[in-house]
Amino acid sequence: MDKQNLSIDKDSLKELRKKLSMVYTPTQINNVLTKITDLVSEYKDCHALHRRGWVDETDVILITYGDTIIDGPRPTLDVLNDFLCANVADVISNVHILPCFTWTSDDGFAVVDYRTISPNLGDWTKIKCLSENFGLMIDAVINHISRESSWFREFINDDPKYREYFYICDPSIDHSDVIRPRELPLLTSVETVAGEKFVWTTFSEDQIDLNYSNPEVLIEILDLLLFYAANGSRFLRLDAIGFLWKKLGTSCMHLPETHAIIQVIRDVLNMAFPDVMIITETNVPHSENISYFGDGTNEAHMVYQFPLPPLTLYAFQTGNAQPLTEWADSLEETSSQNTYFNFLASHDGIGVRPAEGILTREEVAAMSKRVKENGGKVSMRALSGGEKAPYEFNITFLDAMSSPDDSDQERAMKFLAAQTILLSVIGVPGIYIHSLLGSRNDYRGLEATGRNRSINREKLDFARLVSDLSKPKHLRSLVFAGFRQLLMIRRSRPAFHPNSQQRILFLDERVFSLVRAGKGDQIWSVINVSDQTINLAIQLKDIGFCAGSILIDLISGNEFTDFKGVLRFDLLPYAKLWVVEKGV
């Protein structure tokens, strides 16, 4: 390595070498460091293009496919950009585009070419245009790649460069310890020029896992992530990252080598694009999920709050917020350089595994029954010993928490109460576009694909969507208008900064309540998850307000006065309140 031409300081190189030593030999490390140095030099002048700094209370991330809204032959990224600019630009600051590259299966998660935008969406000029109006999150599907990719085709052709890009496995060896996310074979037989080989396929036979024990794969991916950053990405979502490293005799989940690779990714991004943030996607129990914070400064900037969706759904299905309250009270503090990414709904449905150890099997079974009664599906996963357990609920969150005989007004009321929890808790909220737009289960999509997840991935006609939103009593309009109100309030309150203090209150098992405070602002959030009217009496000092204060609910505008330091009122079914001192 030519030390005269280094664009990376000695201390940073020393740290990188230390992390790379977890996965590579000294000779490999020297080669990797040389190539990283070249990459940083190549991209270092691009970092000032679109940076926005650390997240704050104005940051909300909309989660959507690039073709969720369709308007004839127009590139769908143009349609999305136009719709968002016209309807939510004042309340939505960031957009997560789910895999937008050429693909063969799994609605984009089997990527053919990491650098080519799917033609129906548009091209990189459309992506850059979107990034000029919104902070952009790009999906980095870097655990696996489509079997139709050029990389895998060259592997089939026995090109020496690609022989070790994928894991070649002996099917006679015991792989039973490996955690399986789906009921599909772990190994897939493929015919190559060099004969039959068995490759590792965590998710499907069309999604071939990449082999990071080959340092050339790491360099390819680092180059790719820097390319995404240079093309406008404010956030990089590392999809299914927990499966990255494979080692026989282990579960192949959350291995130390996986964490080392993520730390290298963060270091390299810090050198070239210091404001770009990493979000790790690991649909696992909470204790495993938060391990991706690392030491608070060296891995993910944000981790998904996967327990939040099933626990919130449980609260509204049962009228009991106690498990949600206890879990929220146990959350670890974040550093100034990381926070939680909160969501209730996503393209994948409602994961159940993160509730393990919080909800009992019987409670999950009861939830599964309710989901099926509401028209949803329950996807299962294989356990060791041949048993099966629920993996996720495939249903829109709106239908999951409703009753079949609810009116649109009742559906919207319950749903917006749940979304108020999402918007209250510490971290950055992520809102799935079908939640924002009040979508119901898409049975036509489910029937067309035969895949459970399609029930929550409807393609919306632009003209019909705009028409529905223009009708005040339409369910879409009720949900959308209510969401807009909550988002408008939230962005104006420093107490909702992602790193502001959070204190959970135990008032009643039917109530989820917390206090957020920061930068001279304080908000008491209280949500009734039940269909019962609850008489509340609470000491003002317990929620941080002074005796004699006049309080106001920011959502309804209702005022409250205390009686000798005690606040008494009836909390109506599914009521949601954000209470502050009047005039503050």
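Me: What makes a cluster of F101, W124, F227 and Y228?

Reply: These residues are linked by ring pairs, and that is what joins F101, W124, F227 and Y228 into a cluster. Do keep in mind that the model is predicted.

Me: How many aromatic pairs does the structure hold?

Reply: The count is 24 aromatic pairs.

Me: Why is the pair of W124 and F227 called edge-to-face?

Reply: The ring centres of W124 and F227 are 5.2 Å apart, with 85° between the planes. Pairing asks for centres within 6.5 Å, and edge-to-face asks for planes over 60 degrees apart. Both conditions are met, so W124 and F227 form an edge-to-face pair.

Me: What makes W124 and F227 a tie between separate parts of the chain?

Reply: W124 belongs to helix α4 (residues 124-133), while F227 belongs to helix α6 (residues 215-230), so the pair ties together parts that are 103 residues apart in sequence. Both W124 and F227 are buried.

Me: Which geometry do F415 and F483 show, and how do you know?

Reply: F415 and F483 make an edge-to-face pair, with 6.4 Å from centre to centre and 80° between the planes. The first value is within the 6.5 Å limit, and the second is over 60 degrees, so the name fits. The pair links distant parts of the chain, with F415 in helix α13 (residues 408-424) and F483 in helix α17 (residues 475-490), 68 residues apart. F415 and F483 are both buried.

Me: Which residue lies over the face of F227?

Reply: That is R115, at 4.7 Å from the ring centre. The distance part of the rule asks for CZ of Arg within 6 Å, and 4.7 Å satisfies it. Another case is K459, which lies over the face of Y65 at 5.1 Å from the ring centre.

Me: On to charges. Why is the contact of K19 and E15 called a salt bridge?

Reply: Side chains of opposite charge can pair when their charged atoms come close. For K19 and E15, the N to O distance is 4.0 Å. The rule asks for a Lys or Arg nitrogen within 4 Å of a carboxyl oxygen, so the pair counts. K19 and E15 both sit in helix α1 (residues 10-20), four residues apart, about one turn of the helix.

Me: Are K19 and E15 buried or partly exposed?

Reply: K19 has a relative accessible area of 10%, which is under 20%, so K19 is buried. E15 comes to 37%, which falls between the 20% and 50% cut-offs, so E15 is partly exposed.

Me: How do you know that R74 and D82 form a salt bridge?

Reply: Their closest N and O atoms are 2.4 Å apart, and this is within the 4 Å limit, so the name applies. R74 is partly exposed at 30%, and D82 is partly exposed at 39%.

Me: What makes D468 and R476 a salt bridge, and is each partner buried or exposed?

Reply: The N to O distance of 3.7 Å is within 4 Å, so D468 and R476 qualify. D468 is buried at 8%, and R476 is buried at 10%. Elsewhere, salt bridges that share partners join D107, D348, E392, R451, R453 and R457 into one network. By this rule the structure has 31 salt bridges.

Me: How many disulfides does a search of the whole structure find?

Reply: The search finds zero disulfides. Take C129: the nearest cysteine sulfur belongs to C85 and is 7.4 Å away. A disulfide needs sulfur atoms within 2.5 Å, so C129 is in none. For C169, the nearest cysteine sulfur is that of C252 at 9.0 Å, and C169 is in no disulfide either.

Me: Why is R237 called buried?

Reply: R237 has a relative accessible area of 1%, and the cut-off for buried is under 20%, so the label holds. R237 is found in strand β11 (residues 233-238).

Me: What joins the side chains of R237 and Y304?

Reply: A polar contact of 2.7 Å joins them, and that value is within the 3.5 Å limit. R237 also touches other residues, including H96, D139, E281 and H347.

Technical notes:
Residues are numbered from 1 along each chain as its sequence is written. This is a predicted model: local features need pLDDT of at least 70, side-chain atom pairs count only at pLDDT 80 or more; totals for chains, interfaces and linings use all residues. Side-chain values use heavy atoms; hydrogens and water are left out. Helices (H or I, at least four residues) and strands (E, at least two) are DSSP runs, numbered from the N terminus. Buried means under 20% relative accessible area, exposed over 50%, partly exposed in between (1.4 Å probe, protein chains only). A polar contact is a pair of N or O atoms within 3.5 Å; within protein, one must be able to donate a hydrogen and the other to accept it, and residues adjacent in sequence count only if both atoms are side-chain atoms. Contact means heavy atoms within 4.5 Å. A salt bridge is a side-chain nitrogen of Lys or Arg within 4 Å of a carboxyl oxygen of Asp or Glu. Rings of Phe, Tyr and Trp (its six-membered ring) pair if their centres lie within 6.5 Å; planes under 30 degrees apart count as stacked, over 60 as edge-to-face and the rest as tilted. A charge sits over a ring if NZ of Lys or CZ of Arg is within 6 Å of the ring centre and within 35 degrees of the ring normal. Lists of a residue's contacts leave out its neighbours within four places in sequence.
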